[in-house]
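Please read the following note beside the sequence and the coordinates. It takes the points one at a time, with the terms explained where they come up.

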Amino acid sequence: MASTQLTASSISGNGFASFEGLRSTCIVKTVSFAPLKHNNSRSFSRLVVKAATTVAPKYTTLKPLGDRVLVKIKTAEEKTVGGILLPVTAQSKPNGGEVVAVGEGHSAGKIKVDISVKTGAQVIYSKYAGTEVEFDGSKHLILKEDDIVGILETDDVKDLQPLNDRVLIKVAEAEEKTAGGLLLTEAAKEKPSIGTIIAVGPGPLDEEGNRKPLSVSPGNTVLYSKYAGSEFKGADGSDYITLRVSDVMAVLS
């Protein structure tokens with residue numbers, strides 16, 4: 001079997017003009033991997049580059065523009081609920097934090113609409129949203145207001161207050177047995193796409209700046225798109241999902 005040798009080096013530099021959109025005050029970090037060498041004299045060249053935007057200490061404020069907000073990212077949990085210390089690789093990347101600054105809002109038709117979240121609010125946002133920034137010694141995220149899923153002032157997702165056109169659904173439990181009565185293993189249980197709506201957002205804005213109520217209500221049992229939304233685990237072990245109302249396909253009764 002061919003043996004593989006991998007070496008890594010970390011390089012930092014200031015003012016990399018070749019990285020479009022990064023000013024000279026930014027620090028660009030690249031991770032470069034040397035060619036993978038095999039004992040059969042063949043080599044494979046791979047290069048992985050990661051850019052981290054760090055705001056220089058001389059800048060003391062960061063003001064988002066338009067419908068953007070600045071969120072200070074919540075620190076990843078270092079221990080389990082039972083107190084077991086987690087290795088870095090096992091720590092899940094948080095997708096929540098505190099709003100520390102907001103933009104001036106946006107226009108809906110001829111109406112000026114303010115940002116619906118306020119400074120100090122604890123929010124949950126879409127997993128891959130925004131641009132990460134190192135500012136004032138902490139990790140922050142600049143993202144659009146529409147990428148914020150909801151406001152969560154407790155540690156339990158069931159208390160989430162969805163924003164705009166989003167809804168919070170408690171996922172129905174997977175079937176334990178087949179139609180013929182055979183007990184299913186955890187791996188064989190099909191992921192359900194049915195659940196009960198726990199909370200709904202105020203609705204999207206129309207051209208006059210008014211909220212348009214959603215077509216579903218708390219208590220409705222609904223069928224939703226299988227691969228939509230963001231999934232969460234509640235404090236009681238139940239599964240929850242947040243998604244846009246457009247991803248809800250039907251109301252069941």
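**Notes on the predicted model**

1. Strands S6 and S7 pair in the antiparallel sense, and five bridges hold the pairing; within it, isoleucine 73 stands opposite glycine 97 in S7. Two strands are said to pair if DSSP finds at least two bridges between them, and strands themselves are DSSP runs of E of at least two residues, while helices are runs of H or I of at least four residues, both numbered from the N terminus.

2. On the basis of the model: this is a predicted structure, in which local features need pLDDT of at least 70 and side-chain atom pairs count only at pLDDT 80 or more, whereas totals for chains, interfaces and linings use all residues. Residues are numbered from 1 along each chain as its sequence is written, and side-chain values use heavy atoms, with hydrogens and water left out.

3. On confidence, pLDDT being the predictor's confidence in each residue on a scale from 0 to 100: the chain has a mean pLDDT of 75, with 64% of its residues reaching 70 or more. Over residues 1-50 the pLDDT is below 50, although this stretch has 73 contacts in the model beyond near neighbours in sequence; residues 86-92 also have pLDDT below 50, with nine such contacts. Contact here means heavy atoms within 4.5 Å. Where pLDDT is low, the predicted coordinates should not be read in detail.

4. On the chain as a whole, the secondary structure comes to zero helices and 20 strands. Of the contacts with a separation of 6 or more, 59% are between residues 24 or more positions apart. Buried residues make up 30% of the 253 residues, where buried means under 20% relative accessible area, exposed means over 50%, and partly exposed lies in between (1.4 Å probe, protein chains only). The chain exposes about 16,400 Å², of which carbon and sulfur atoms supply 53%; these areas come from the Shrake-Rupley method with a 1.4 Å probe, and for residues only the protein chains shown count as cover.

5. On the further pairings around S6 and S7: strand S6 (residues 68-73) is also joined to strand S12 (residues 138-144) by five bridges in an antiparallel arrangement, and the bridge partner of leucine 70 in S12 is isoleucine 142. Strand S7 (residues 96-102) pairs with strand S10 (residues 122-125) over three bridges, again antiparallel, with glutamate 98 opposite glutamine 122. S10 in turn is joined by three bridges to strand S13 (residues 148-151), which runs antiparallel to S10, and there tyrosine 125 stands opposite isoleucine 148.

6. Which strands supply the largest nonpolar core? This core has 16 residues, and those touching the most other members are Val69, Val71, Val117, Val123, Leu143 and Ile148. S6, S7, S10, S12 and S13 each supply at least two residues, and the largest share, three residues, comes from S6. A nonpolar core is a set of buried Ala, Val, Leu, Ile, Met, Phe, Trp, Tyr and Cys residues joined through side-chain atoms within 4.5 Å. Leaving aside neighbours within four places in sequence, leucine 143 is in contact with Asp67, Arg68, Val69, Val71, Tyr125, Ala129, Gly130 and Ile148. A second, separate core of 13 residues includes Val167, Tyr224, Val245 and Val248.

7. On the six-stranded sheet, which is open and antiparallel, the strand order is S18-S19-S15-S16-S17-S20. Strand S18 (230-233) and strand S20 (248-252) stand at the edges with a single partner strand each, so one side of each is left without a neighbour in the sheet. The twist averages 40° from one strand to the next, with axes taken as lines fitted to C-alpha atoms and angles running from 0 to 180 degrees between N-to-C directions. Within this sheet, strand S16 (residues 194-200) is joined to strand S17 (residues 221-224) by three bridges, and threonine 196 has threonine 221 as its bridge partner in S17.

8. Is serine 193, in the loop between strand S15 (166-171) and S16, buried or exposed? Serine 193 counts as buried because its relative accessibility is 18%; leaving aside neighbours within four places in sequence, serine 193 is in contact with Val222, Leu223, Tyr224 and Lys226.

9. Aspartate 114 has its place in the loop between strand S9 (111-113) and S10, and at 53% relative accessibility aspartate 114 counts as exposed. Beyond neighbours within four places in sequence, aspartate 114 is in contact with Glu104 and Gly105.
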